[in-house]
Amino acid sequence: MDLSTEICGIPLESPVLNGSGTYDALAAQRAFGRAVIDDFPFAGFVSKTITRHPRAGNPPHRLWEAPSGMINSIGLPNPGLERFVEGDLLELIELPVPLVVSVMADSAEEFSALVEAVANVPGVAGIELNVSCPNVHSGLIVGEQPRETENLMKALRPLTRLPIMIKLTPNMANPHEVAIAAEASGADAISLINTIKAAAIDRNHNRTWLGVGGGGLSGPAVRPIALAQVRAVSDAVDLPVVGMGGIADGESALEFILAGAKVIAVGTENFRDPRAGISVRDGLVSALERRGFSSLAEAQASTLS
Ligand code: RRO
């Protein structure tokens, strides 16, 4: 079964990526050694989101297991641009698959600094603009407002020829309107969904469980919402869509392809099984065969009635 594909001209051996921040490729290498590289779980790797300045992340608790899902309130801990570019990035570009670097900022100026610095590093294949983290108070409401998204993309587009993907928030009624604005202002791809705003209650102590009160829900619990949003966005724009939200096996990966995603990303399932990318890829082959498809391309070209 031919699973090869591409996104924004980036060749991929399969359509299986990771969701940003759900798989630490460098920690996996330290723990499991060379085996991680020899059988890397994803066909392309998306880094944890980085910001202009270092961030410590949110106070505990940061995680909660929900029915069929997980709530996180990580709060974007990262070393900041300079340390990332001099450190982790140099190792990430050595991974055996194309690298997309995810960035987030409070202002167009900070976004510009991030995009310029990252785009200048040979080996970076693309940039993901995270305008959708539910756990950080950003000065920008870019991801929720088509006009803001358009203004940001217009400022960033001249800075690089690398593909720019925009990661949309599901925490709004009409994400396809933001996707249309992203397309009109020069974005190359849309990825969705990020996590859905959620809360957990610590019943024993009459307080919220998560340190900052709330977080973002992911995992199979969000899959039907993600499918609806992927479908709405892929119907509204010609840009390729990276679909994610509770993908846990080949069958659920195929659902996203049929809903209009060109490629898919595995997120929460990586926490349960660091080799989930491999089982999703292998399961996708079986799922395609079961549904009578002779290649991934055939499923990508099919439309839902
Ligand atoms: O770090 C986080 O708390 C986080 C991020 Br940046 C994001 O984009 N989505 C999410 O659920 N958590």
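Start by selecting Pro146, Thr149, Glu150 and Met153 in H6, which meet Glu177, Val178, Ala181 and Ala182 in H7. By class, this contact of H6 with H7 holds five nonpolar residues, one polar and two charged. Keep in mind throughout that the model is predicted.

Now show both helices whole. H6 covers residues 146-156 and H7 covers residues 175-184. Their axes come within 8 Å and cross at roughly 25°. Angles under 35 degrees count as roughly parallel, so H6 is roughly parallel to H7. The crossing is right-handed.

Next stop: a second helix pair. Select residues 250-258 for helix H9 and residues 276-290 for helix H11. Here the axes lie 7 Å apart, and the packing angle is about 70°. H9 and H11 are therefore roughly perpendicular to each other. H9 passes H11 in a right-handed crossing. On the H9 side, pick out Gly250, Glu251, Ala253 and Leu254. On the H11 side, add Val280, Gly283, Leu284, Ala287, Leu288 and Arg290. The residues of this contact divide into six nonpolar, two polar and two charged.

Leave the helix pairs and turn to the largest pocket. Select Gly19, Ser20, Gly21, Thr22 and Lys48, the lining residues that lie nearest the centre of the largest pocket. The full lining has 46 residues, and the volume of the pocket is about 870 Å³. Which elements give two or more residues to the lining? Colour helix H1 (25-32), strand E6 (69-72), helix H4 (88-92), strand E14 (215-218) and helix H10 (269-272) to see them. H1 gives the largest share, three residues. Colour the lining by class as well: 22 residues are nonpolar, 18 are polar and six are charged.

The last stops are in the backbone. Most residues other than glycine have a negative phi, and most peptide bonds are trans. Three places in this model are worth a look on that account.

Go to Cys8, in the loop between strand E1 (5-7) and strand E2 (10-12). Cys8 is not a glycine, yet its phi is positive, about 55°.

Move on to Pro60 and His61. A cis peptide bond joins the two, with omega about -5°. Where does His61 sit? Its place is in the loop between strand E4 (45-46) and strand E5 (63-66).

Finish at Leu192 and Ile193. The peptide bond from Leu192 to Ile193 is also cis. Its omega is near 15°. Show strand E10 (189-192) and strand E11 (196-198) to frame the loop between them, where Ile193 is found.

Notes: Residues are numbered from 1 along each chain as its sequence is written. This is a predicted model: local features need pLDDT of at least 70, side-chain atom pairs count only at pLDDT 80 or more; totals for chains, interfaces and linings use all residues. Side-chain values use heavy atoms; hydrogens and water are left out. Axes are lines fitted to C-alpha atoms, for helices over the stretch in contact, and angles run from 0 to 180 degrees between N-to-C directions. Helices (H or I, at least four residues) and strands (E, at least two) are DSSP runs, numbered from the N terminus. Angles under 35 degrees count as roughly parallel, over 145 as roughly antiparallel, 65 to 115 as roughly perpendicular and the rest as oblique. A crossing is left-handed if the near helix is turned anticlockwise from the far one by less than a right angle, and right-handed if clockwise. Contact means heavy atoms within 4.5 Å. Ala, Val, Leu, Ile, Met, Phe, Trp, Tyr, Cys and Pro count as nonpolar, Asp, Glu, Lys and Arg as charged, and the others, Gly among them, as polar. On a 1 Å grid over the protein atoms alone, a cavity is a set of points where a 1.4 Å probe fits but cannot get out, and a pocket is an open set with protein on both sides within 12 Å along at least five of seven lines; lining residues have an atom within 4 Å of a point. Grid points are joined across faces, edges and corners, and a volume is the space filled by probe spheres set on the points.
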